[in-house]
Structures are given as structure tokens and as C-alpha cells.
Amino acid sequence: MKVLLLKDPKEKDSGPDPYIKELGVYGLEATLIPVLSFEFISLESLFQKLSHPDCYGGLVFTSPRALEAIKLCLKESSKSEAWTKSLKQRWNTKPAYVVGKATASLVEEIGLIPQGEKSGNAEKLAEYICSREKPDSSALLFPCGALKREVLPTVLREKGVPLESLTVYQTTQHPDLQESLSSYFSQQGIPASIVFFSPSGVKFCLQHIQKLSGDFINHIKFAAIGPTTAEALEAAGILVSCTAETPTARDLAAGIQKALHFQNC
């Protein structure tokens, strides 16, 4: 059975995509279609803030893109040198809070030690941060996207934990999305399951998928990587057959297998 994954492929130099691999364990044939494009902004401001660790109580990351923004900053040799020589060590005396494993591994790549990776979503990460931070301490620096949800900032504000947000990327539709979806449906047919990885993915893809699926849309098992994405699908009138227990390839694959197996019983 075929599964359509609406996400970017993993970087080529880091081995096979874990989602394709885990779904393959259950004999499911997965295809990736990139949905989103990202434009990075305010990189100078970001590095200015990173250059003053003493002004902050720590860092918060809820998206791999925020780490990509930091990596872009560090491509410049003078900035990379400053990071390696002193900034990295100074930030390592403070917490770097992350929402999940993908973000945690990117935090490790820039030489920091992640905390909170088992949270899995912004709500749980906010609770974790509040359990460790004192009210009215130094602000946590939060590089984020223009479409960030307000859950984490709201919870921290209510608990008196200061947070300084900086928008470092904007999300747009991938330029090849419509063409890629049309090509997939014409060549592969209707997939058994379609997986969404973000509310933005729902916004940019769902209409095209409804049009391409026609009356067969009711045969598709729709899956979500987490509760926020599931909510976006439900708000658009889609029945969600599976939400991954945690936002990992293994849990998602197990959930899809269960949903498809239940359908065939």
C-alpha cells in the first residue's frame, strides 16, 4: 500500500529518510513531496542577540528552521570563529529547550546540549520550561517563524517567565507543490494514507488533494504528526484516522499500520 508524506526529504548526506524506512518495515511504500519553502530573515539581529548570552537565561527552539537560521549565521567565518571560541561555551551554561528529537539533533550539531526533547509539542514544552525557570528571571531567547503558534509564549507569560521572540523565517508554499501532487496522483493513483506534518501543510495542500482525489477521498486514511496538525485537519472537515503518539517516524509508522490494518479487518 502507498503512503504519501507531505514533508521535505531528509538532507541527502544524512542517510535514508527515517519515515520512508519505518513505513517500509510494515511493507508500506512511501513517497515524499515537499510542501513548504522558507525565507530566512533578520539574521544580523539574530547573531547580535546570540553575541550577548549574558542578557538571556537560555534558548527555546520549537522548529528545526530556527536552527537552520543559526547555521546560516555561522557560515560567515568571523561569526563561526566567535561562536567556536567563546559564545558556544557561554550558551552552554544555560538551557537550550527543544520541542522534539529533530530539533534536539540540530541543537547538538551547533555544539549545544538540548533539554526537553521528550515534550513532543509546544504545550508540554511550555510546562517543562515553567517547571525549571523562575518567574522574573532573565528572558529566554526564542528564534521562531512568522506563523508560530501563541501557545508557548502565552503559557510562559501567564507563569511570569520572560520570553523574547525573534522572527527568523517566513513560511511559503513550495513552488513545485501543485505540479508534484498532480504528477503523484496521475502516476501512483490514490494513496492508502496521506500524512500531514504541519498546519501550514494543511493550508497549502488540502484543497489540491481534495480536487485530485474526487469521490475517492473517503478511502484515504489521513494521518497527522501531532495534535496541532490533527486539529488543523479536523477544522477543515477531515476525519483524522491516526495521530502519532510522539512526533517520531517509528510512532507515526505504527499508527498508520494500525489504521490501515483496522480498515482491512
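This is a guided tour of one protein chain, taken one selection after another.

**The whole chain**

Begin with the entire chain in view, and keep in mind that the model is predicted. In a cartoon display, the chain shows 11 helices and 11 strands. Its radius of gyration is 20 Å, close to the 18 Å that the globule rule gives for 265 residues, so the chain is as compact as a globular protein of that length. Turn the view along the principal axes: the C-alpha atoms fill a box of roughly 60 × 40 × 30 Å.

Next, display the surface. About 13500 Å² of the chain is exposed, and carbon and sulfur atoms supply 50% of that area. Of the 265 residues, 46% are buried. How much of the contact in the chain joins residues 24 or more positions apart? Among contacts with a separation of 6 or more, such residues account for 71%.

**Aromatic rings: Phe38 and Tyr169**

The next stop concerns aromatic rings. A pair of aromatic rings is described by the distance of the centres and the angle of the planes. The chain has 7 aromatic pairs, counting rings whose centres lie within 6.5 Å.

Select Phe38 and Tyr169 and show their side chains. The two ring centres are 5.7 Å apart and the planes stand at 80°. Because an angle over 60 degrees counts as edge-to-face, this pair belongs to that class. Now colour the strands that carry the two rings. Phe38 is in strand S3, residues 36-40, and Tyr169 is in strand S8, residues 163-173. The pair thus links distant parts of the chain, with the two positions 131 residues apart in numbering.

Are these two residues buried or exposed? Phe38 has a relative accessible area of 22% and is partly exposed, whereas Tyr169, at 9%, counts as buried. The limit that separates them is 20%, because buried means under that value. Add Phe40 to the selection: Phe38, Phe40 and Tyr169 form one aromatic cluster.

**Aromatic rings: Tyr184 and Phe185**

Move to Tyr184 and Phe185. Why is this pair called edge-to-face? The ring centres are 5.8 Å apart and the planes meet at 75°, so the pair falls in that class. Tyr184 is buried, with a relative accessible area of 5%, and Phe185 is buried as well, at 9%.

**A charge over a ring**

Select Lys7 together with Phe197. Lys7 lies over the face of the Phe197 ring, at 5.9 Å from the ring centre.

**The cysteines**

Select the cysteines and look for bonds between their sulfur atoms. The structure holds 0 disulfides. Why does Cys55 form none? The closest cysteine sulfur to that of Cys55 is in Cys73, 17 Å away, which is too far for a bond. A disulfide requires two sulfur atoms within 2.5 Å. For Cys205, the closest cysteine sulfur is in Cys242, also at 17 Å and too far for a bond. Cys205 itself is buried, at 0% relative accessibility.

**Ser193 and Ser200**

Keep Cys242 on the screen and select Ser193. The C-alpha atoms of Ser193 and Cys242 are separated by 9.7 Å, although the residues are 49 apart along the chain. Ser193 is in strand S9, residues 193-196, and counts as buried at 1% relative accessibility. Leaving out residues up to four places away in sequence, Ser193 touches Lys2, Val3, Leu4, Ile220, Lys221, Ala223 and Ile256.

Then select Ser200, in helix H9, residues 199-213. Ser200 is buried, with a relative accessible area of 13%. Beyond its neighbours within four places in sequence, Ser200 is in contact with Leu36, Leu147 and Thr171.

**Two loop residues with positive phi**

The tour ends in two loops. Select Ser42, in the loop between S3 and helix H2 (43-50). Ser42 is not a glycine, yet its phi is positive, at about 55°. Its relative accessible area is 32%, and Ser42 is partly exposed.

Finally, select Asp136, in the loop between helix H6 (122-132) and strand S7 (140-145). The phi of Asp136 is near 65°, a positive value in a residue other than glycine. Is Asp136 buried or exposed? At 71% relative accessibility, Asp136 counts as exposed.

Conventions
Residues are numbered from 1 along each chain as its sequence is written. This is a predicted model: local features need pLDDT of at least 70, side-chain atom pairs count only at pLDDT 80 or more; totals for chains, interfaces and linings use all residues. Side-chain values use heavy atoms; hydrogens and water are left out. Rings of Phe, Tyr and Trp (its six-membered ring) pair if their centres lie within 6.5 Å; planes under 30 degrees apart count as stacked, over 60 as edge-to-face and the rest as tilted. Helices (H or I, at least four residues) and strands (E, at least two) are DSSP runs, numbered from the N terminus. Buried means under 20% relative accessible area, exposed over 50%, partly exposed in between (1.4 Å probe, protein chains only). A charge sits over a ring if NZ of Lys or CZ of Arg is within 6 Å of the ring centre and within 35 degrees of the ring normal. The radius of gyration is taken over C-alpha atoms; the globule rule is 2.2 Å times the number of residues to the power 0.38. Contact means heavy atoms within 4.5 Å. Accessible areas come from the Shrake-Rupley method with a 1.4 Å probe; for residues, only the protein chains shown count as cover.
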